[in-house]
Every structure is written in C-alpha cells, then in structure tokens.
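Hi,

Here's the protein we talked about, ready for you to look through. Could you open it up alongside this email and follow along?

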Amino acid sequence: MYDILFWIFVALLMLFLSTLFTVGIFLLVKGIQRKIVELLCLGTSFTVIPIGFVGNFILNIQSGYLFQEIFVNIGFILAVIFTNLTFHKNRKSPAKLILFVVIALAIIQQIFYGMMAIERTPLLYYLQAVFDLPYVFLVFNWLAWSSYSAYKIIKNQDIEPWIKVRYRLISILSFIMSFHSLPEFFQPYNTPWGSPSNIISLAVFGTTAIISVIFAFGFSLAWMMPNWLKKYLNRNYQTEKDSEFTEEELMNLVRKQLTES
C-alpha cells in the first residue's frame, strides 16, 4: 500500500517538475522574442529549479541535496527579481529590502546544506527547516501580495477579464505555495525523503508533491491560457476596440495602472 502511494507521489513530483520546466521554457522563449527582462527572470527561475531536482535524483548521494539547493536558491532569487521588476518598478515599496533578505536567507540555506552534506545532525536539519520556512514564505507571499495588489487596482479598469484572472490566479497559487516548506518540520531528519517505510516521511512527500502540482498547473494556466478559455472569460466583456495585447504590452499596461494608482 505504502509503495503504491510512494510511486503515485513520485509521479506527481515528476508532473510538477515537467510542468514547471515547460512553463519556464515558454516564458524564456517569450522573453527572448520580446526582450522582456521580467519574463527572462521568471522563465529562468522555473527552468533551473527542475534542473536542481533532477540533478539531485541523478547524483543520488548525500551531496545531491547541496546540488539541488544551489538551483533552487537561484530560482527563488530570480522569482523575487521578477516580482520587483513587474509590480514595484518606479514605485515606493520594500522591494530592495525583500530581495536583500531573500538573498541572505538563500546564503544561510546553502551553508546549512553544505554542512549537512558533511554530517546530517538533528540540530542542523531543524535549524535549516526553521530558516527555510520564512525563506519560502517570503518569496511566494511577496509574489502573492504583489499580484493581488495589482489585481485590486486593475479589477475595475477597462481591461479584459482574462488578464485580471491571470493576476488573481498568481496571487492565490503563490499563497498556497508559500506553505510548501511547512511539512519539513514533520520529516524525520534521519529518514530519506518520502521513504515508503515511514508513514510520516511519505505523508510529508505526498503533501509537498500535491502543493507543488497545484502551483505548477495553476501557473501554466495563468501564463499559457488557451484561447477558448480567454474567450469564455471575456464573454460579457465589451470594448470599443478589439485589441490583442502582446506580453510586453500587457505587462506595461499592468505596470502603468500600478504606477498611476
């Protein structure tokens, strides 16, 4: 029974990584084509995180987690840079302070994983978890709050409804993802992550896999929304001119609304 659950959760994790990587490549291509720095940051972020996880599985040694954390840290820092450039450019906000704190927490995480690659002790593991909680919470709640603030400003503007749905989705999904590291506190420090021989470890694995899949699928929908869904969301929308925005025009439009608010 536990073995079956383990492989289901592994499939969910693989689904998360492949979906995140696909969205990352999509955003990278868009960013390169349109020369949009924000999309390049987010696309790189979503691309390097799966690379870190896959590298961890391939290495399959204790230092594999150190390898994974390098890529995760890069991805998280780039996600904050995306948030700052998209929602806080030319605005008064604690954007620079948030970025500084995130970089500091990333360095702390890297130090802990480096020490645990040498010797994994209960103190090191739970100290790492203590610092990881505000780290993940800050990265994703900063994006959630920023996106929701944008949504509140544009929801009454003459902007296509699907655009408003995008930023509402980003805010909700980022808030959910901010709790991703909470299950770490229940993971036995001396048990392999997701071990089918340990029900607690398996539950931690399953919880994080489910949260990750929800986030990845939701973000893919927000950034790669199919035309039929856009038309459905716009079914009651009427405007004097029928305009289709490029990603660059869309982000400039949202940023303009934020700056003028």
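**What I found**

Let's start with one residue: Phe179 has a relative accessibility of 32%, so Phe179 counts as partly exposed, because that falls between the 20% limit for buried and the 50% limit for exposed. Before you go further, keep in mind that this is a predicted model.

**The overall picture**

The protein chain has nine helices and zero strands. If you read along the sequence, the pattern is simply α-α-α-α-α-α-α-α-α. There are 261 residues in the chain, and 48% of them are buried. Take the contacts in the chain with a separation of 6 or more: residues 24 or more positions apart account for 73% of them. On the outside, the accessible surface comes to about 13,400 Å², and 67% of that belongs to carbon and sulfur atoms.

**Rings that pair up**

Back to Phe179, which has a partner to look at. That partner, Phe137, is also partly exposed, at 36% relative accessible area. How many aromatic pairs does the structure hold? The count is 19. In the pair of Phe137 and Phe179, the ring centres are 5.9 Å apart and the planes sit at 75°, so this one is edge-to-face. Phe137 belongs to helix α5 while Phe179 is in the loop between α6 and α7, so the pair ties together parts that are 42 residues apart in sequence.

Now compare Trp142 and Trp145: their ring centres are 5.8 Å apart, but the planes are at 15°, so this pair is stacked. Both of these tryptophans lie in helix α5, three residues apart, which is about one turn of the helix. It helps to remember that an α-helix has 3.6 residues a turn, so residues three or four places apart point the same way. Is Trp142 buried or exposed? Trp142 is buried, with a relative accessible area of 7%.

There's also an aromatic cluster, formed by Phe46, Phe76, Tyr135, Phe140, Phe215 and Phe219. And two rings have a charge over them. Lys230 lies over the face of Trp162, 4.2 Å from the ring centre. The charged end of Arg235 sits over the ring of Tyr232, at 4.0 Å from its centre.

**The inside**

In soluble globular proteins, nonpolar side chains tend to be buried together. Here, the largest nonpolar core has 57 residues, and the members that touch the most others are Phe46, Phe76, Val139, Phe215, Phe219 and Trp223. Which helices each supply at least two residues of this core? They are α1 (2-34), α2 (37-59), α3 (64-87), α4 (95-118), α5 (122-154), α6 (161-177) and α7 (199-223). Apart from that core lies another one of five residues, including Phe112, Tyr113, Met116 and Tyr125.

Try clicking on Phe76. Once you leave aside its neighbours within four places in sequence, Phe76 is in contact with Ser45, Ile49, Tyr135, Val136, Val139 and Phe140.

Helix α4 is a nice one to trace from end to end. With 24 residues, α4 reaches 35 Å from its first C-alpha to its last, close to the 34 Å expected at 1.5 Å a residue. Its buried residues are Ala95, Ile98, Leu99, Val102, Leu105, Ala106, Gln109, Phe112, Tyr113 and Met116.

**A few spots to click on**

- Lys35 is in the loop between α1 and α2, and is exposed at 72% relative accessibility. Most residues other than glycine have a negative phi, and most peptide bonds are trans. Lys35 has a positive phi of about 55° although it is not a glycine.
- Pro134 has its place in helix α5 and is partly exposed, at 39% relative accessible area. Pro134 and Ser181 are 47 residues apart in sequence, yet their C-alpha atoms are 9.0 Å apart in space.
- Ala150 lies in helix α5 too, and is buried with a relative accessible area of 0%. The C-alpha atoms of Ala150 and Ser171 are separated by 9.4 Å, with their positions 21 residues apart along the chain.
- Lys155 is in the loop between α5 and α6, and counts as partly exposed at 38% relative accessibility. Lys155 and Tyr167 are 12 residues apart along the chain, and their C-alpha atoms are separated by 9.8 Å.

Happy exploring!

Key:
Residues numbered from 1 in each chain as written. Predicted model: local features only at pLDDT ≥ 70, side-chain atom pairs only at ≥ 80, totals over all residues. Heavy atoms only, no water. Core = buried A, V, L, I, M, F, W, Y, C linked by side-chain atoms within 4.5 Å. Buried < 20%, exposed > 50% of the residue type's maximum accessible area, 1.4 Å probe, protein only. Helix = DSSP H or I, 4+ residues; strand = E, 2+ residues; numbered from the N terminus. Contact = heavy atoms within 4.5 Å. Phe/Tyr/Trp six-rings, centres within 6.5 Å; stacked < 30°, edge-to-face > 60°. Lys NZ or Arg CZ within 6 Å of the ring centre and 35° of its normal. Areas by Shrake-Rupley, 256 points an atom, 1.4 Å probe, with all protein chains shown as cover. Expected span 1.5 Å × (residues − 1).
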